[in-house]
Amino acid sequence: MINKFFQFLGLVKRAGKVIEGYNKCEDSLGKKKIHLFIFSNDLSERSYKLFSTYCIKENIPFIDEFSKEDLGMAIGRVEINVIGITDKNMADKLLINYKENKNNKI
């Protein structure tokens, strides 16, 4: 189930629907429509506050449960702290995969 999430995240990356990294995501705030943010659980408190506040204000869902290494591996990098998904359908599918995994853990 978790593999399903990471496999689909890799597909989203290959489709070119990912904004990678803190700086690129920060530059995109308010300029480019992002439908889902994924933060590593290693993100600094200041950065977490910046992005989560923006997400709440703009009603954008976010996931903050995975390590920077797991997220990086899914998109072909060593590690990454912030990912933005720019395609609505792909963002929705990632959320479904994520929620299915959470429900299967209970």
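**Ser52, helix H3 and the sheet**

Student: The side chain of Ser52 reaches a backbone oxygen at 3.5 Å; which residue does that oxygen belong to?

Tutor: Happy to start there! The model is predicted, so local features need pLDDT of at least 70 and side-chain atom pairs pLDDT 80 or more, while totals for chains, interfaces and linings use all residues. Residues are numbered from 1 along each chain as its sequence is written, and side-chain values use heavy atoms, leaving out hydrogens and water. A polar contact is a pair of N or O atoms within 3.5 Å, one able to donate a hydrogen and the other to accept it, with sequence neighbours counting only if both are side-chain atoms; here the backbone oxygen is that of Lys49.

Student: Is Ser52 buried or exposed?

Tutor: Buried means under 20% relative accessible area, exposed over 50%, and partly exposed in between (1.4 Å probe, protein chains only). Ser52 has a relative accessible area of 8%, so Ser52 is buried.

Student: Which residues does Ser52 touch, not counting those up to four places away in sequence?

Tutor: Ser52 lies in helix H3; helices (H or I, at least four residues) and strands (E, at least two) are DSSP runs, numbered from the N terminus. With contact meaning heavy atoms within 4.5 Å, the residues touched are Phe39 and Phe62.

Student: In what order do the 4 strands of the open sheet stand?

Tutor: Two strands pair if DSSP finds at least two bridges between them. S2 (residues 36–40) and S3 pair in the parallel sense over 3 bridges, though the sheet as a whole is mixed. The order is S1-S4-S2-S3.
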